[in-house]
Amino acid sequence: MDGVERLSDLVDIPYPQHPHCATILVLDTSASMEGNKINELNEGLAIFAAELMMDELARKRIEIAILSFGQGVTKVCDFTSITEFIPPVLQAGGFTPMGEAILTAISMIEERKQEYREFGVDYYRPWIFLITDGQPTDMRNGDERWNKVITAIHTGEAEHKFLFWALGVDQANFTVLHSLSPPGRTPLQLKETHFTDMFVWLSKSLSKISDSVIGEQITLENPVGPEGWGSIPL
């Protein structure tokens with residue numbers, strides 16, 4: 001009908017015959033990320049996209065969205081297939097509205113899953129991947145709003161709504177990241193200048209998912225160790 005927008009006109013789900021894995025990167029772009037860290041983050045995003053583009057199934061099954069949090073929470077890129085994904089060039093500045101960013105990411109995941117269901121698209125358990133070098137400035141650890149963030153993550157994990165990963169860079173507050181991380185998944189600390197290695201690991205992990213059957217248990221490469229990009233914070 002003229003003047004009436006249909007859902008199919010508003011929502012783009014490429015390759016609907018394939019199961020999809022919605023993956024959202026929640027990236028700290030506060031002022032403390034300025035310099036080498038933001039440059040290495042941008043380089044890592046470009047490598048991440050290039051690695052996934054080389055995998056035929058990942059190109060059709062992995063969807064990427066990017067949220068940045070610094071000068072507010074910004075939806076840099078809504079969910080899109082790897083073939084359409086253009087790595088952004090992020091700029092550092094502002095504070096660290098981490099709590100709002102996490103809640104926005106969870107909301108975006110739920111909305112995308114609802115769209116999959118409405119279009120009859122099967123989907124893997126989505127990923128939320130947080131990278132930060134600081135601590136939240138929009139909420140205080142222990143207050144009611146922050147407890148809401150922690151509860152949203154832990155409940156979502158327990159109900160298999162998504163997988164939440166927390167990665168700390170440089171002087172990140174690991175007490176905060178431990179409180180966010182669900183039981184059994186320790187937040188990881190990025191070794192200095194290892195952004196590229198981390199994004200290669202992430203792309204390989206998502207490629208493994210795209211080559212699996214929904215609900216299948218897969219083993220990811222261990223990122224911790226002498227040759228790995230991460231360490232477990234003390």
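The chain of this predicted model has an average pLDDT of 91, and 92% of its residues score at least 70. Residues 1-8 are an exception to confident prediction, with a pLDDT below 50. Beyond near neighbours in sequence, that stretch makes four contacts in the model.

Two helices can be checked against their expected lengths. Helix H4 covers residues 98-119, which is 22 residues. At 1.5 Å a residue, H4 should span 32 Å, and its end C-alpha atoms do lie 32 Å apart, so the two values agree. Helix H7 runs over residues 195-210. Its 16 residues should span 22 Å at the same rise of 1.5 Å a residue, and the end C-alpha atoms of H7 are 23 Å apart, which agrees.

Burial can be followed along both helices. An α-helix has 3.6 residues a turn, so residues three or four places apart point the same way. In H4, the buried residues include Met98, Ala101, Ile102, Ala105, Ile106, Met108 and Ile109. The buried set of H4 also includes the charged residues Arg112 and Lys113, as well as Tyr116. After H4 comes Gly120, with a positive phi near 70°. H7 is mostly covered, with 12 of its 16 residues buried. Among them are the aromatic side chains of Phe195, Phe199 and Trp201, together with Ser203, Ser205, Ser207 and Ser210.

H7 also takes part in the lining of the largest pocket. This pocket holds about 540 Å³ of space and is lined by 23 residues. Nearest its centre lie Arg125, Leu163, Glu216, Gln217 and Ile218. Strand E5, residues 163-168, and helix H7 each supply at least two residues of the lining. By class, the pocket lining divides into 13 nonpolar, four polar and six charged residues.

Enclosed space is a separate matter. Rolling a probe the size of a water molecule over the atoms shows where empty space is left. The structure holds one cavity of 30 Å³ or more, and the volume of the largest cavity is about 30 Å³. Its lining consists of Phe129, Trp165, Ala166, Leu167, Leu188, Trp201 and Trp229. E5 gives the most to this lining, with three residues. Trp201, one of the buried residues of H7, is also on the list of cavity-lining residues. The cavity lining has seven nonpolar residues, with no polar and no charged ones, whereas the lining of the largest pocket includes four polar and six charged residues.

Terms used: Residues numbered from 1 in each chain as written. Predicted model: local features only at pLDDT ≥ 70, side-chain atom pairs only at ≥ 80, totals over all residues. Heavy atoms only, no water. 1 Å grid on protein atoms, 1.4 Å probe; cavity = no way out; pocket = protein on both sides within 12 Å on 5 of 7 lines; lining within 4 Å. Points joined across faces, edges and corners; volume = space filled by probe spheres on them. Helix = DSSP H or I, 4+ residues; strand = E, 2+ residues; numbered from the N terminus. Expected span 1.5 Å × (residues − 1). Buried < 20%, exposed > 50% of the residue type's maximum accessible area, 1.4 Å probe, protein only. pLDDT = per-residue confidence, 0-100. Contact = heavy atoms within 4.5 Å.
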